[in-house]
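Visitor: I would like a close look at a single part of this model, set in the context of the chain around it. Could you take me through that part with some care?

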Amino acid sequence: MAGAAAGERQSSTAAEASSPLRVAVLGFGTVGQSVVRILTERTELASELALVAIFNRNVARKRADWVAPSVTWTDDAAAVLTAKPDVIVETVGGVELPYGWVSAALAQGISVVTANKLLLAAHAPELLALAAASGARLRFEAAVAGGVPIIDAVRTGLAGDTFTRVVGILNGTCNYILSRMTGGDSMSDALGEAQRLGFAEADPTSDVDGHDAAAKLAVLVGVAFKRYIRTSEISTGSIRRIDAIDFRYAKRLGGTIRQISMAECDASGAVRAFVGPALVPDSSNYARNTGPQNLVTLTGRFGGNTTFSGQGAGGYPTAVAVVSDLVALARQTRSGAEPAWTPTSVSAAPMRPYYIRFSVKDRPGILASITVALARHGINVDAVLQESGFPKDHLPFVVTVEPCEATALAGAMREIDAEDFHAEPVLVMPVLPGE
Ligand SMILES: NC(=O)c1ccc[n+]([C@@H]2O[C@H](COP(=O)([O-])OP(=O)(O)OC[C@H]3O[C@@H](n4cnc5c(N)ncnc54)[C@H](OP(=O)(O)O)[C@@H]3O)[C@@H](O)[C@H]2O)c1
C-alpha cells in the first residue's frame, strides 16, 4: 500500500485494503503527541493504522520512550514525503510551511488529516483542488470545535439536508472569559485566570479579537454551504471592550453576552458572516454554554436546528477528532471527497436589533444628539437604560435599537463617534434571538 493514495483504497484489492494505513505525524506538540498516544495505546487500531514517522524541528529533544521503536523520528519534512506514507497528520500550525507540506503531499496522492483552521481558511480551494486531482483525501474534523464532530455531522448524519445557517460558540477562551464575567469577574481577572488554566495563550489577541473564531467560521461556511469566504471579509468584533457594566445591562434585558460566530446562506448562495460579542437571551443555548465548551447549531432547510456541544480544544479532544479522521480513511467509510468550495464575497448583515453602550462625560443634550443621529439614518430607538451610582465624567448608559441595517447603523455611529462627550469608545453588539 506504500505510495498509494488513501483515496485509491476503494479500488484496491481486498488484500491491499486490509493492510494498515501508514501514518506520518508532522508536529509532536500538544495535539500531535496526543494523536500518537491514542495510536500507541489503542492497540486494536493497529490493523488499520500504523504510525511510521514523526516529524518535528530539533526532533532529538522530542523523542519519547513510549513510542514504538519502529517509528522513524526526523526533522526532515521532505524525507517524510519521499517515504510516501499513505497519510500525513499535520499538527504543526501556522500557514505557509504547512501549506508547502500539505500541498506537496496531496499532489503526490498522499492523504492529509489536519487540525489547522488557519491553513484551511487561507488555502482550502487550492488544497481541495489538489486532492480532487490526485484522488487523495483532505480531512480536518479537528480544525473546528476540536472534539465536537460537526464536520462529520454535515457530511454524513445530516447529509440529507441543505443548510441555511451555522451559528456557534467556536472559541472556548472567549466563552470562558465571558462566563466568568457573568459571575462578576473583570475582563482582566477572567483573562488572567484563563491564561493560568491554559485556556488562553500568553498573547490572547487571536482569541479575544475574533480571528481564531473567524478562521473556524470560514471552514464551517465551506463545509456547510460549499462556499469559500475570506476571513478578512468577515465582520469581526473584539470582546476586549466588554465591561462588567455590560453584564448588568444585559441582565436587565433578559440576557447575557457571548462571542458568537454566525453565517447564513440564502437560496441564491449569498453568504453573510459575523463574529463578535452579542447579547443573547438567558433562555438560549448560548447563554447556558459556559466555560471553555464549544457549541454549534446547524439550521437545515428541512430538518431545522441541530445543536452539538463539547470540548472545543485540548490535546486529547482534538486528537480524538484527528484519529477519527484517520479511522474513516482506513475504513473508507464516510470518506467521500470534500466537494469544491466556490469563492464567494460576504454580503451585508441582515436587519438586526443592536445594543449600544455609551460611556460619556455627562452634560445636557447627549441623549438628544444620539437619538437625532440615529433617526437621521432611519433607526428607531427601542429602550434607554441607565444604572445609577456612576461618576458623571464616566457615565455608562445603553440604547437599544429596533432591527436596522448594519450600514445604516455604521453611518449613524460615525456621526455619534465624532461627538466630544465620549469618555471611552462606544460598544455596539447585535442582539440575537434565543434558541
Ligand atoms: N491545542 C489545541 O487545543 C488545538 C485545538 C484544535 C486545533 N489545534 C490546531 O492544531 C495545530 C497544532 O496545535 P498544538 O496546540 O498542538 O501546537 P503546539 O503544541 O505548539 O505543537 C506544534 C508542534 O509543531 C512543532 N513545530 C512548530 N513549528 C515547526 C516548524 N517550523 N518545523 C517543525 N516543527 C515545528 C512544534 O515544535 P517545538 O516544540 O519546537 O515548538 C510543536 O512540537 C494548530 O494548527 C492548532 O491550531 C490545536
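Guide: Two residues are taken to be in contact if their C-beta atoms, placed from the backbone, lie within 7 Å. On that basis, in this predicted model, residues 24 or more positions apart account for 75% of the contacts in the chain with a separation of 6 or more. The chain holds 15 helices and 18 strands; its radius of gyration is 24 Å, close to the 22 Å that the globule rule gives for 435 residues, so the chain is as compact as a globular protein of that length. Its C-alpha trace spans about 80 × 45 × 35 Å along the principal axes, and buried residues make up 46% of the 435 residues.

The part to look at closely is helix 6, which runs over residues 150-157 and has I150, I151, V154 and R155 as its buried residues. These residues cover an arc of only 135° around the axis, which puts them on the same side of helix 6. As for their partners, the buried residues of helix 6 pack against helix 10 (211-225) and also against two strands, strand 12 (293-300) and strand 13 (304-311).

The ligand offers a second point of reference: 20 residues surround it, and the closest are G27, G29, G93, A115 and A313. Helix 2 (residues 30-41) gives the most to this shell, with three residues, while by class the shell has seven nonpolar, 12 polar and one charged residues.

Definitions and conventions. Residues numbered from 1 in each chain as written. Predicted model: local features only at pLDDT ≥ 70, side-chain atom pairs only at ≥ 80, totals over all residues. Near = placed C-beta within 6 Å. Helix = DSSP H or I, 4+ residues; strand = E, 2+ residues; numbered from the N terminus. Nonpolar A, V, L, I, M, F, W, Y, C, P; charged D, E, K, R; others polar. Buried ≥ 20, exposed ≤ 12 C-beta atoms within 10 Å, placed from the backbone. Arc of directions from axis to C-beta. Rg over C-alpha atoms; globule rule 2.2 N^0.38 Å.
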